[in-house]
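I sat down with this one and a fresh notebook page. Here is what I looked up, in the order I got to it.

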Amino acid sequence: NIYEKDPNQLLEDINAEKEIQQDYAGRFLWELLQNADDAHVNVSSDRKEYIGEKGLGFKSVLEITEEPYIYSGKFNFYFSKKATRDLLIERLNLNDSLKEELIRNGLTFRIPHEIKDEEIPEFVKKLHNKGYSTVIVLPFKDDRAKDRAIKVLQEIKPYQLLFMQNLTEIIVKIGEEEKKFY
């Protein structure tokens, strides 16, 4: 509805997402670790207990994926550049330049798309059964993104835990190789 009332807002949001993606380039692992650390903060804690405050860092995953999936209790949704583009083109009467901008740069994080219970993958259900309350799935957008993510994970260092307030262990598993940091 916002974009129907003000098509210029669409361009502003596309540009804002592009800017955030540039500002957070190369930080996706760090931002995910911060989010995991914040997830372990006591609910009654002061906001100062959190590392991340603005909620922007998660968008750094756009470096490696165009469709992050979040499974958390009854909230199961994904963000998608393609699904959002298709929805907005179908629903809005966009001029050609806005349509081109949407196709060229996309907009990922403004519209969550529902995942129905029957669409939840079995491995996510198994993780929930093991006690993981939130599962985030980041399908790689291409082989370059996959190679980048593997490289970053292989280079993780134990001292990175020093900057965490609540995480005490990181397990990195790539194929059969597993590294643990305490």
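**Entry 1, the hairpin.** I began at Lys173 and found it opposite Glu178 in S6. One step along, Ile174 stands opposite Glu177, again in S6. I then checked the strands themselves: S5 covers residues 170-174 and S6 covers residues 177-181, and five bridges join them in an antiparallel run. What sits between the two strands? Two residues do, and one of interest is Gly175, which takes a positive phi near 65°. A reminder to myself: this is a predicted model, so I am reading computed values throughout.

**Entry 2, the whole protein.** I stepped back to count elements and got seven helices and six strands. Along the sequence, the pattern reads α-α-α-β-β-α-α-β-α-β-α-β-β. The C-alpha atoms fill a box of roughly 55 × 40 × 35 Å along the principal axes. Of the 182 residues, 33% count as buried. I also looked at the surface: about 11900 Å² is exposed, with carbon and sulfur atoms supplying 48% of it. For contacts with a separation of 6 or more, 68% come from residues 24 or more positions apart.

**Entry 3, the sheet.** In which order do the four strands of the open sheet lie? I read S3-S2-S1-S4, with antiparallel pairing. Strand S3 (113-114) and strand S4 (134-137) are the edges, each pairing on one side only. Helix H6, residues 122-129, packs on this sheet and touches S1 and S4; the direction of H6 makes about 150° with that of S4. Next I followed S1, residues 69-72, which is joined to S4 by four bridges and runs antiparallel to it. Within that pairing, Ile70 stands opposite Ile136 in S4.

**Entry 4, one residue in the edge strand.** I picked Val135, which is found in strand S4. Is Val135 buried or exposed? It counts as buried, because its relative accessibility is 7% and the cut-off for buried is under 20%. I then listed its contacts, leaving aside neighbours within four places in sequence: Tyr69, Ile70, Tyr71, Val124, Leu127 and His128. Three of these names made sense once I looked back at the strand ranges: Tyr69, Ile70 and Tyr71 fall in S1, residues 69-72. Val124, Leu127 and His128 fall in H6, residues 122-129. I also noted Gly73, which is 62 residues from Val135 in sequence and 9.5 Å from it in space, C-alpha to C-alpha.

**Entry 5, helix H2.** I closed with H2, residues 7-23. This helix has 17 residues and reaches 25 Å from its first C-alpha to its last, close to the 24 Å expected at 1.5 Å a residue. Which of its residues are buried? I found Leu10, Asp13, Ile14, Glu17 and Ile20. They cover an arc of only 130° around the axis, so they lie on the same side of H2. Turning to the other side of H2, I found Asn8, Gln22 and Asp23 exposed. My last check was what covers the buried residues of H2: the cover includes helix H1 (2-5), helix H4 (81-91) and helix H5 (96-105).

Key
Residues numbered from 1 in each chain as written. Predicted model: local features only at pLDDT ≥ 70, side-chain atom pairs only at ≥ 80, totals over all residues. Heavy atoms only, no water. Pairing = 2+ DSSP bridges. Contact = heavy atoms within 4.5 Å. Axes fitted to C-alpha atoms, helices over the stretch in contact; angles between N-to-C directions. Expected span 1.5 Å × (residues − 1). Buried < 20%, exposed > 50% of the residue type's maximum accessible area, 1.4 Å probe, protein only. Arc of directions from axis to C-beta. Areas by Shrake-Rupley, 256 points an atom, 1.4 Å probe, with all protein chains shown as cover.
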